[in-house]
2 protein chains.
Amino acid sequence: MRRKRPYACGVDVAIDVIDGKWKVLILWALTTGSKRFGELKRLVPGVSEKVLTQQLRELEADELVSRRTFAEVVPRVEYTLTALGESLNEALEPLGEWGSRNQARIETLRSPLSPERVNAVDSGTPGA
Amino acid sequence: MRRKRPYACGVDVAIDVIDGKWKVLILWALTTGSKRFGELKRLVPGVSEKVLTQQLRELEADELVSRRTFAEVVPRVEYTLTALGESLNEALEPLGEWGSRNQARIETLRSPLSPERVNAVDSGTPGA
DNA sequence: CTGTATCCTACACGATACTG
DNA sequence: CAGTATCGTGTAGGATACAG
């Protein structure tokens, strides 16, 4: 997505800002403190360098993440959550809880077989 | 996206479920009660019938929305938020507040001109 | 009114190679 | 180590036409 219509509501803004296949994971990884590029690459398995760079740049442009470079013989860069980024992560928590509570249900619903035997409702109880 | 890797965290699940250009708006529109297809089309300006149908089907498959058809001479269908859908909307609220609070800031940052943060934290200062 | 069926395009993302 | 450059791809979404 990124930059669609004039935002229709606040959620739109937030979604737009975290839109990108890996951004939430990146934000998540940074909650435990600053990380180097290579660390993020490890913490976000599957992402290519190009895309990781790209999404970090966007997060930086939106001031959710700050970037510090160290002019050392061995290039080093550290990414850190800004206050804004931290506040976003906090706003994301309820959504995370919702997802955790309903993950099993969603996965069952989407699994190719037997979507009908779903009974657990929002109780966090995985398939019986 | 829809169905990427095994979910890395709860937020991933939730994001996946609301992923789609119009889903949040649809969910939003339904908070005020059941809506007919045509109403939704009006309430979500810009969406095509194909895509609206598509996203409604996905929301339905994820049990966030329920669909009632009325076999009348004039076809009529109503979409309603399920309990799960309502709980998702609640989990979305903090994100919406975050977005509302920071919308102006984000828009300024992204506007082609005059980002007020001409000088901000740039290169790191090694051990002061 | 409420959809389907096609066709088409844009763009995010992936893979790989190369550089300071 | 931390990127950039390039090329290729999948697929969500848009436009339009048709149908029950």
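Glu58(A) counts as partly exposed, with a relative accessibility of 21%; here buried means under 20% relative accessible area, exposed means over 50%, and partly exposed lies in between, computed with a 1.4 Å probe on the protein chains only. The structure that I am presenting is a predicted model, in which local features need pLDDT of at least 70 and side-chain atom pairs count only at pLDDT 80 or more, while totals for chains, interfaces and linings use all residues. Residues are numbered from 1 along each chain as its sequence is written, chains are lettered from A and ligands numbered from 1 in the order in which they are written, and side-chain values use heavy atoms, with hydrogens and water left out.

Let me stay with Glu58(A). Which residue does Glu58(A) meet in a salt bridge? The partner is Lys23(A), at 2.6 Å from N to O. A salt bridge here is a side-chain nitrogen of Lys or Arg within 4 Å of a carboxyl oxygen of Asp or Glu. Because Glu58(A) lies in helix H4 of chain A and Lys23(A) in helix H2 (residues 23-30) of chain A, the pair ties together parts that are 35 residues apart in sequence. Helices (H or I, at least four residues) and strands (E, at least two) are DSSP runs, numbered from the N terminus. Lys23(A) itself is buried, at 0% relative accessibility.

As general background, side chains of opposite charge can pair when their charged atoms come close. Over all chains, the rule gives 14 salt bridges. Two of chain B may serve as examples. Lys41(B) and Glu49(B) meet at 2.8 Å, N to O; Lys41(B) is partly exposed at 35%, and Glu49(B) is partly exposed at 47%. Glu78(B) pairs with Arg76(B), with the closest N and O atoms 3.2 Å apart. In that pair, Glu78(B) is buried at 18% relative accessibility, whereas Arg76(B) is partly exposed at 23%.

I turn now to the interface of the two protein chains. How many residues of chain B are in contact with chain A? There are 52, and they touch 50 residues of chain A, where contact means heavy atoms within 4.5 Å. The size of an interface is often given as the accessible area lost when the parts come together. Between chain B and chain A about 4600 Å² is buried, and carbon and sulfur atoms give 66% of this area; buried area is the accessible area (1.4 Å probe) that two parts lose on being put together, summed over both. On the side of chain B, the residues that lose the most area to chain A are Leu95(B), Trp98(B) and Arg110(B), together 17% of what that side buries.

Six salt bridges are found across this interface. In one of them, Glu63(B) pairs with Arg105(A), the closest N and O atoms being 2.6 Å apart. H5(B) gives the most to the side of chain B that touches chain A, namely 18 residues. That side divides into 26 nonpolar, eleven polar and 15 charged residues. For these classes, Ala, Val, Leu, Ile, Met, Phe, Trp, Tyr, Cys and Pro count as nonpolar, Asp, Glu, Lys and Arg as charged, and the others, Gly among them, as polar. Arg110(B) appears again in a network of salt bridges with Asp16(A) and Asp62(A).

Glu63(B) deserves a second look. Its phi is near 60°, a positive value in a residue other than glycine. Most residues other than glycine have a negative phi, and most peptide bonds are trans. Glu63(B) is found in the loop between H4 and strand E2 (65-70) of chain B, and is partly exposed at 27%. In chain A, Glu63(A) likewise has a phi near 60°, but Glu63(A) is buried, at 15%.

Finally, the DNA. Which residues come nearest to DNA strand C? Of the 21 residues around the strand, they are Lys21(A), Lys50(A), Gly38(B), Arg67(B) and Tyr79(B); a residue is near a strand if one of its heavy atoms lies within 4 Å of it. Sugar and phosphate account for 63% of the strand C atoms that come within 4 Å of the protein. A side-chain N or O atom of Lys50(A) is 2.3 Å from a base oxygen of the strand, and one of Arg57(B) is 3.0 Å from a phosphate oxygen. The largest share of this surface, four residues, comes from H4(B).

Terms used: A polar contact is a pair of N or O atoms within 3.5 Å; within protein, one must be able to donate a hydrogen and the other to accept it, and residues adjacent in sequence count only if both atoms are side-chain atoms.
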